[in-house]
Amino acid sequence: MYRYDQFDQKIVAERSGQFRAQVARRLSGALTEDEFKPLRLMNGLYLQLHAYMLRVAIPYGTLSSRQMRKLAHIADKYDRGFGHFTTRQNLQFNWPKLKDVPDILDELAEVEMHAIQTSGNCIRNVTADHYAGVATAEIEDPRPTAELLRQWSTFHPEFTYLPRKFKIAVTGADDDRAAIMVHDIGLKIIRNDRGEVGYRVILGGGLGRTPFVGRIVRDFLPKAELLPYIEAIMRVYNTHGRRDNKYKARIKILVHETGLEDLRAEIEAEFARNDIAAIAADADEVARIEAYFAAPSYETLPQLSKSFEIAKANNEALGRWAETNLADHKIPGYSIVNISIKPVGGVPGDVTSAQMIALADLAERYSLSELRITHRQNVVLPYVRKNDLEALWQGLVGAGLATDNIGLVTDIIACPGMDYCALATARSIPVAQKISTTFADPALQRDIGPLDIKISGCINACGHHHVGHIGILGLEKRGEEYYQITLGGDATETAAIGEITGPGFSEDEVADAVSRIIDTYLETRNSGESFIEAYRRMGPSPFKEALYAPH
Amino acid sequence: MAKFRPGTLRVLTANDLLTGDVVFLTDQGTWSRILDEARLAGTQEEAAKLDALAANAQVEALTVAAYTIDVERGAEGRLRPLRTRELIRISGPLTRLPLKTGRRKSDPEPEHTAAIGVLMPPRGNGDDHVSL
Ligand code: SF4
C-alpha cells in the first residue's frame, strides 16, 4: 500500500488546521454560510436531511486495517456507530457535528486519510478495479496510476474550479470492474502490438441526468505521457465546459455537443503545445510509487487447498459462500475474498463500528492487513490463502458479514436516497430491502443467476441505476414517491445505458414489478443464459408485456 | 417562495449550525427540535414573513439552510409536514438503523426544547412584525 511521504503528511495536516480555523470563523460570525459552504464542501462536509455528512476519501478503495480501525473509532466517538460505503469506494458518516469535524480530520490525518476531493468541482477521488494487483489476466496493477493521478490532481491550482466535478477510473484488467466506460475519463491499461504498456483513454462517459457511455479518445497512450495528456484534456474541458448551465457542465456534454473528432483534435493540439517532458511524472517518482504496490511475498502453495475442499464438502453454508464470494487469484493457493455488505433486508453498504473492527482484524490475520472497498458497496480481502478460508469465513459469520450473494439478485447497489440525502426525490433503501427480502431464498437466487439491480433516489444516479441490468430510479410526482424502471444497463466492458420500460411504479408496487421482470426471464431464458444475455436476445418486449399488459 | 394554501400552516425550519440537528423557529424566537413548538404562520401575510426570515442574517448566524415548510395538524392535534421528505427529515431515516445507533450519550434528549439561541423578541410584545 502507498504510505504518505512528508509532503503528503504535511498538506493533509495543514489542510486540517486550515479547516479548524475556518470552522472557528464561521462560528464566530466572521464567515457567512455562503462564504463557508464551499470551504466545508472542499473538506467533504455536506449538509444532508438530518445532519451534516462527512465523506471520507478512500483513494482507489484501498485501505489498511489500521485505517479501518480508525474509521470505526470515529464512528463510535463522533457519530452513531456506523458508516456507509458508497459507489465511489468512499465512506460516509451520517451524523458528524460541525464542531467535531476538525477533530475528526485530525484523527483521519493520523492514519494518512482525509476528506479532500470528495466534493466540489475538482478532480474527485480516483477509483480503480477492486481486484487491482491480484486479478488474473491483468496487464498491470492500476493503483500506481491511480496514486500518481491522486498526487498530481490534489490541490492542482488549474483544476480546482472546473466547470463541474470530474471523475477518473482506472483498470488494468479486461474484465471491467471499475465502470471505466461511465466515468469522465476511464483508463484501461493495455499492451500494444509492440508489447509496450500504455493506456486506452475513454472520454465522456457518465450517468446522472444525461447518461452516456464513454468513447475512445486515444487508443494507445504511452505510459510516460499520462499526465501531459490528461492535463491537455482537463485544459480543453476547463476552457470549453459549459459553465453557463450546471446540467450541461460535465465533459460528457462537451463531447456530445462538440463531437468526438473535433474535441479529440483540440485535445491533441493542446497536448502538442504542452511541454511534455516538464509535465510528465518524474521516472524516479513513478518508481517510488510503484514500489509501494509491489506484490507481497507470496507463499508457494498448491492451487487447491485440501483442507478447504473437505470443509466445503462438509458444510453447505461454507460451500454456498465459496461459490459466490470467492474470485480467482493470480497466485496459486490464494483467493480474492468478496465480503458482501448486502445482508438480506439490510441497508446496502452500511457497516457498524463493530463490523469495521471485525473487518480490520480479519484483514490483519488473513489478508496482509489490506482491504478494498468496491464501487458495488462491498469489501474485498485481496490476499487470502485458501488454507485460511474456512477460518476467515467463521470470523465473518461471527460478525454478520458472511452473506453469500455476490453478483446475485440481492447484491443490490442502492444510494442513501431520501432516508438521508437532501437531493433525493424518493427513498432507495426500503426498495432494496423489499427486493432482497423477496428473493432471500439462496436456491432461488442461484437459479436466477448473475443479476445487477441498482437503485438511485434521484436523477443524480449515485446508485448507478442506468447501468443496472435492472435499474430503479426514485422520483416524486405530486408528493408521492414513484419508481421508474430501466432494463439492459451494463457497467462493464460491454457498457450500455438501460432503457426505460414505461410508466413508473409506486413504492408498494415496485418490488412486485421487479418480480414480474425476473419471472419473465425465468420463463423465457435459454439454457445457461443470464438475465442480461436473455434481455439482449429478446429486447424489452416480453418484459414490458409482463409489466404493463392487463392481467 | 411556495404558494401559501389556505388551510395549511407554515413553519421555518433549518439545521442547527453546530450540531446539524433539524430545528424550528419558535414563537419566542428561539430554535426548538420539536415541530409542535414551532411558530405557525396561518395566513398569507404571516407565511410571507417567515419566508423572508429564511434569508435573514441572524437566522444564518445560528443555523444552516433555513427554509419554510408546510405542515398540517394531524388527528391527534400534532403537527406533521405535508411532504415525505420533511417527515423523514424530522423523524430520521424511516429505515431501521444498524444495530448500534441512537443518539450519543452526550446528545441532548430530543424531547427537551433546546433554546439554541434567542433570535428575536417574543411575538405579542408590541411588535408583531419581527424586526431584526
Ligand atoms: S442519487 Fe440522488 S438521492 Fe441518491 S445519493 Fe445521489 S443525490 Fe442523493
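This passage describes the surroundings of the ligand, a pocket and the contact between two chains in a predicted model.

The ligand is enclosed by residues of chain A that fall in two stretches of numbering. One group comprises A:Cys415, A:Pro416, A:Gly417, A:Cys421, A:Leu423 and A:Ala424; the other comprises A:Gly457, A:Cys458, A:Asn460, A:Ala461 and A:Cys462. Classified by residue type, this shell contains eight nonpolar and three polar residues, and charged residues are absent from it. Cysteine counts as nonpolar in this scheme, so A:Cys415, A:Cys421, A:Cys458 and A:Cys462 belong to the nonpolar part of the shell.

The second largest pocket was also examined. Its volume is about 820 Å³, and 35 residues form its lining. Nearest the centre of this pocket lie A:Tyr131, A:Asp175, A:Arg177, A:Arg376 and A:Thr492. Among the elements of chain A, strand S11, which spans residues 326-328, makes the greatest contribution to the lining, supplying three residues. The lining is mixed in character, with 14 nonpolar, eleven polar and ten charged residues. Charged residues are thus present in the lining of this pocket, whereas the shell around the ligand has none.

Chains A and B meet through 39 residues of chain A and 32 residues of chain B. The area buried between the two chains is about 2800 Å², and carbon and sulfur atoms account for 55% of this area. One salt bridge is counted between chain B and chain A. A salt bridge joins the side chains of B:Arg83 and A:Glu476, with a nitrogen-to-oxygen distance of 3.3 Å.

Key. Residues are numbered from 1 along each chain as its sequence is written. Chains are lettered from A and ligands numbered from 1 in the order in which they are written. This is a predicted model: local features need pLDDT of at least 70, side-chain atom pairs count only at pLDDT 80 or more; totals for chains, interfaces and linings use all residues. Side-chain values use heavy atoms; hydrogens and water are left out. A residue is near a molecule or strand if one of its heavy atoms lies within 4 Å of it. On a 1 Å grid over the protein atoms alone, a cavity is a set of points where a 1.4 Å probe fits but cannot get out, and a pocket is an open set with protein on both sides within 12 Å along at least five of seven lines; lining residues have an atom within 4 Å of a point. Grid points are joined across faces, edges and corners, and a volume is the space filled by probe spheres set on the points. Helices (H or I, at least four residues) and strands (E, at least two) are DSSP runs, numbered from the N terminus. Contact means heavy atoms within 4.5 Å. Buried area is the accessible area (1.4 Å probe) that two parts lose on being put together, summed over both. A salt bridge is a side-chain nitrogen of Lys or Arg within 4 Å of a carboxyl oxygen of Asp or Glu.
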